[in-house]
Amino acid sequence: MHHGHEEEHAGGAGAGGAGAGGAGGQAVDHSAHIAELERCATACRECAAADVREGMLDCAAMCEACAELCTAVAGILRRGAALPPETVSALLEACASMCRACAAECRRHDMDHCRECAEACERCAEHCEAAAA
């Protein structure tokens with residue numbers, strides 16, 4: 001609890017205490033979320049490409065959808081806008097849900113690319129769930 005000084009200075013900055021006061025440029029660092037989302041999107045794209053070559057179109061569609069959502073949310077977070085914390089949480093929860101669905105689909109298949117994608121999606125889901133809590 002070395003944040004006592006900030007608490008005293010900010011005077012009830014709201015839930016989470018992540019506010020930067022009245023500085024105008026609330027610099028919330030989303031780099032860890034962005035990196036995790038991008039790792040997941042890359043694994044999903046690689047899996048989808050292999051799925052298409054192997055005729056696994058349902059898995060490919062799920063992986064492509066997951067990659068698109070993770071990429072979109074990473075892009076929103078990268079813009080650095082002072083998004084309300086509840087909006088960030090909602091975006092991360094949506095990604096977690098999509099990643100869980102994609103992992104479940106990939107776990108149905110015994111290919112290396114599906115296993116790697118499922119692992120990346122599960123890691124991303126865990127990260128997003130923890131960050132959204």
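Start with the whole chain: read along the sequence, the pattern is α-α-α-α-α. Colour by secondary structure and count five helices and zero strands. Keep in mind that this is a predicted model. Of the 133 residues of the protein chain, 33% count as buried. Now turn on contacts. Among those with a separation of 6 or more, 70% join residues 24 or more positions apart.

**Stop 1: H4 and H5**

Select residues 85-106, which form helix H4, and residues 112-132, which form helix H5. Their axes lie 8 Å apart, and the packing angle is about 155 degrees. Angles over 145 degrees count as roughly antiparallel, so H4 is roughly antiparallel to H5. The crossing of this pair is left-handed.

Show side chains next. On the H4 side, pick Ser89, Leu92, Glu93, Cys95, Ala96, Cys99, Arg100, Cys102, Ala103 and Cys106. On the H5 side they meet Cys114, Cys117, Ala118, Cys121, Glu122, Cys124, Ala125, Glu126, Cys128, Glu129, Ala131 and Ala132. Colour this contact by residue type: 16 residues are nonpolar, one is polar and five are charged.

**Stop 2: H3 against H4**

Keep H4 on screen and add helix H3, residues 57-78. The axes of H3 and H4 are 9 Å apart, at an angle of about 160 degrees. H3 and H4 are therefore roughly antiparallel to each other. Their crossing is left-handed.

Which residues of H3 make the contact with H4? Select Asp58, Cys59, Met62, Cys63, Ala65, Cys66, Leu69, Cys70, Val73, Ile76 and Leu77. The H4 partners are Val88, Leu91, Leu92, Ala94, Cys95, Met98, Cys99, Ala101, Cys102, Glu105 and Cys106. Here the residues divide into 20 nonpolar, no polar and two charged.

**Stop 3: H2 against H4**

Swap H3 for helix H2, residues 31-53. The axes of H2 and H4 come within 12 Å and cross at roughly 30 degrees. Angles under 35 degrees count as roughly parallel, so H2 runs roughly parallel to H4. H2 passes H4 in a left-handed crossing.

From H2, select His33, Leu37, Cys40, Cys44 and Cys47. From H4, select Leu92, Cys95, Cys99, Cys102 and Cys106. The tally for this contact is nine nonpolar, one polar and no charged.

**Stop 4: the cysteines**

Show the cysteine sulfurs. How many disulfides are there? The count comes to zero. Zoom to Cys40, which is in no disulfide. The nearest cysteine sulfur to Cys40 belongs to Cys99, 3.7 Å away. A disulfide needs sulfur atoms within 2.5 Å, so the pair of Cys40 and Cys99, at 3.7 Å, does not count. Cys40 is buried, at 1% relative accessibility.

Move to Cys70. Cys70 is in no disulfide either, and the nearest cysteine sulfur is that of Cys99, 3.8 Å away. Cys70 is buried, with a relative accessible area of 0%.

**Stop 5: Ala67**

Stay in H3 and click Ala67. Is Ala67 buried or exposed? At 2% relative accessibility, Ala67 counts as buried. Leaving out residues up to four places away in sequence, Ala67 touches Ala41, Cys44 and Arg45. Draw a distance from Ala67 to Cys99. The C-alpha atoms are 9.0 Å apart, and 32 residues separate the two in sequence.

**Stop 6: Glu36**

Go back to H2 and select Glu36. This charged residue type sits at 11% relative accessibility in the case of Glu36, which counts as buried. What does Glu36 touch, not counting residues up to four places away in sequence? The list is Arg123, Cys124 and His127.

**Stop 7: the loop after H3**

Finish at Ala81, in the loop between H3 and H4. Ala81 is partly exposed, with a relative accessible area of 40%. Draw one more distance, from Ala81 to Val28. The two are 53 residues apart along the chain, and their C-alpha atoms are separated by 8.8 Å.

Notes:
Residues numbered from 1 in each chain as written. Predicted model: local features only at pLDDT ≥ 70, side-chain atom pairs only at ≥ 80, totals over all residues. Heavy atoms only, no water. Axes fitted to C-alpha atoms, helices over the stretch in contact; angles between N-to-C directions. Helix = DSSP H or I, 4+ residues; strand = E, 2+ residues; numbered from the N terminus. Parallel < 35°, antiparallel > 145°, perpendicular 65-115°, else oblique. Left-handed = near helix turned anticlockwise from the far one by under 90°. Contact = heavy atoms within 4.5 Å. Buried < 20%, exposed > 50% of the residue type's maximum accessible area, 1.4 Å probe, protein only.
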